Structure formats: C-alpha cells, structure tokens
Amino acid sequence: MKEYRFLAKLYGVRGSYPIAPPEGTRYGGNTTCLLTRTNNQIVIFDAGSGIVRAGQDLLPEIFKHKESSNDPFFITIMFTHTHIDHLLGFPYFAPLYIPGVHLTLIGPATMGVDFEDIMRTLVEPQYYPVNMDEFRSEQEFFNISENMVVYFNGDDPIPNFTLNGDLEKEAQLVIRNMKYYFHPKDGSYNYRIEWNGNSLVFATDIEQYVGSDQRLAAFAKNADVFIHDSQYSLEQYPKFQGYGHSSVGMACEAAKQSEVKKLLLFHHDPGNDDAALEKLEKEGKKIFPAAELASETWEWVVK
Ligand SMILES: [Zn+2]
Ligand SMILES: [Zn+2]
C-alpha cells in the first residue's frame, strides 16, 4: 500500500543550465523536471538534468514490476518545449536502458521539425554514444497540438489522446495544455494536470504580458498549485526583456488573477544564489502571500 494516491514532486527547478556551487543551494541546482503520478500512472514534465534522479528513483519500482509481470512498465514524458535546459537530462534517464520499459514521449514539433526528429538528433553519435534505436526501452513519439488532451482511464498506465475534448467516463488523470507564444522562437506549452478534483498548473518559460495574460489566468483558474516562471527580479528583468521569462512580480500578479491556492516561483536564474532567491520570495509574498520558492525538496502528496 503506497502512502499517496496522487503525488507531484519537483526534481529540477533551475533555468538555463544546472549549477553546483561549492556552498550548495537550498533549492537545488538541476534544470526543469516535474514528476506527477498516481500509484500506477507516471507522467514526467521535461527532461532537464533533474530527470536523472527521477529515473534513479523509479528503478526499484521498475525491477519489482518486472519480477511479477510481463507487461511493459509505462512512463509518459511530456515536454513544454525543446530548449536544451529541458532536454539535457534525457540521455541519462536510467529507464531508457531497461528492456520492458515503454516510454511515451509527447512534445512540440518546433520550427517545422517533428518532435521525434528533435529527440533523435539529441542522441546522434556526434552528441551522444547511444542513439535512439539503441536504447533498450521502447519509445513512442507524439507531436503535441493545442487542442490535444492527454488522459488516463482508471488505473491504466497507458495514455489516451483526444482532439475534440471528449473524455471517456473512466478518465481520472487529465492533462490539458495551453500554447504560450511569447517564448523564443516557437513558444512553449503550459500544462494543467487534474486528478480527482486536484489541480496543478505548470507554466514555465513564459514571459508575461502587461496586466497579466488573461488566457493563462483562465487556464490556471483556482488551481491548487501554480508553478510559474519567475527567473528575474524586477531590477534584472529590463535587461532580459524578450528572453521569454517573467519577473517574480509578473508571476505573483498571474497567481493573483488566477486565484490559485499556492504559487511556486520557478525556473530560478542560475546566477541567483540562495540569498538572492530568498529576497525574490520576500518581494513576491508582498504581492501574493501564498508564494514560495520552488525547491527540489518540494512534493505534494494527496492521500
Ligand atoms: Zn528553460
Ligand atoms: Zn526555454
């Protein structure tokens, strides 16, 4: 008997590139990775360097499954976009090397290149010694589109897709998306994960609009947890305007307008140490009291 029915856990909260400062960081140095799961369904968002530890954490469960079943062990990975900080952990994701693991990989075609081709290029021999066909797991690729809803029925670990919004009545874990156009050069996807009335919105690599994006405010409405890009302080932001990231104030304003219960400030700038981040958090709390820094120790357990 597991101690949760739904779990969300952050494995990487840093933007741009991973860091390992000698004095450490309380919040974590890995780039983007969020794991969400029920007892039998696993959906990971982004394969930044944080996915390496996520993969290691899954190994005991995969080996246990293989002892008792000949069915594949299903893992779904969804991608917000294909910038390198969101992909760089992928080749080091341990389940790739295990026969009997089935990976469903869902991400955006970008600049006219299919998602599968982008991922295959990432592990071409010029960049990595093991190419996609040499991994021992099975991989299945899908291009995401704006009207695609990914959902899981009951306890079934295999994802289903719908383009017209019609869900089967057994659907329990449901993932909707909203494409965000303002991230260079081909946008990024925000995801809303819902499970039995609980909801989490994952909105990274987005730069807010003046007065806050109303489409996103509607998409994130009343979420229990809102994970929002907040790479910069107010002073840093003007230097990086147009880079596709938000300031802490923009994230807090978005949380306010969305009327979410909790905001996690996310995609920390690698140049911001713990003290700088804590200053941002303080700034943020003045606008939205339920704001806190995303950390690799964060998890949300629904029992
Ligand atoms: Zn990023
Ligand atoms: Zn990006």
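Here is a short chat about a predicted model of a protein.

Student: Let's start broad: how many helices and strands does the protein have?

Tutor: This is a predicted model, and its chain has 303 residues. Counting its secondary structure gives five helices and 15 strands.

Student: And how does its radius of gyration sit with the globule rule?

Tutor: For 303 residues the globule rule gives 19 Å. The protein comes out close to that, so it is as compact as a globular protein of that length. Its C-alpha atoms fill a box of roughly 55 × 45 × 40 Å along the principal axes. The radius of gyration itself is 18 Å.

Student: What share of the residues count as buried?

Tutor: To count as buried, a residue needs 20 or more other C-beta atoms within 10 Å of its own. Of the 303 residues here, the share that passes is 45%.

Student: Okay, now the open sheet of seven strands: which are its edge strands?

Tutor: Read the order across the sheet: E6-E5-E4-E3-E2-E1-E15, with mixed pairing. An edge strand pairs on one side only. That picks out strand E6 (138-143) and strand E15 (299-302).

Student: Inside that sheet, which residue of E5 is the bridge partner of Ile77?

Tutor: Strand E4 covers residues 73-78 and strand E5 covers residues 101-107. The two run parallel and are joined by six bridges. In E5, the partner of Ile77 is Leu105.

Student: Which helix lies across E5 and E6?

Tutor: Look for a helix formed by residues 115-122. It runs at about 135 degrees to E6. That's helix H2.

Student: Let's finish with H5. How far apart are its end C-alpha atoms?

Tutor: Helix H5 has 14 residues, 274-287. At 1.5 Å a residue, H5 should span 20 Å, and the model agrees with that. The end C-alpha atoms are 20 Å apart.

Student: Within what arc do the buried residues of H5 fall?

Tutor: The buried residues in H5 are Leu277, Leu280 and Gly284. Seen down the helix axis, they line one face, because they fall within an arc of 55 degrees.

Student: Which exposed residues sit on the face of H5 turned away from that buried side?

Tutor: An exposed residue has 12 or fewer other C-beta atoms within 10 Å of its own. On the face turned away from the buried side of H5, the exposed residues are Ala275, Lys282 and Lys286.

Student: What do the buried residues of H5 pack against?

Tutor: Those buried residues are Leu277, Leu280 and Gly284. Their packing partners are one helix and two strands: helix H4 (248-258), strand E13 (262-266) and strand E14 (291-293).

Technical notes: Residues numbered from 1 in each chain as written. Chains lettered and ligands numbered in written order. Predicted model: local features only at pLDDT ≥ 70, side-chain atom pairs only at ≥ 80, totals over all residues. Helix = DSSP H or I, 4+ residues; strand = E, 2+ residues; numbered from the N terminus. Expected span 1.5 Å × (residues − 1). Arc of directions from axis to C-beta. Contact = placed C-beta atoms within 7 Å. Pairing = 2+ DSSP bridges. Axes fitted to C-alpha atoms, helices over the stretch in contact; angles between N-to-C directions. Rg over C-alpha atoms; globule rule 2.2 N^0.38 Å.
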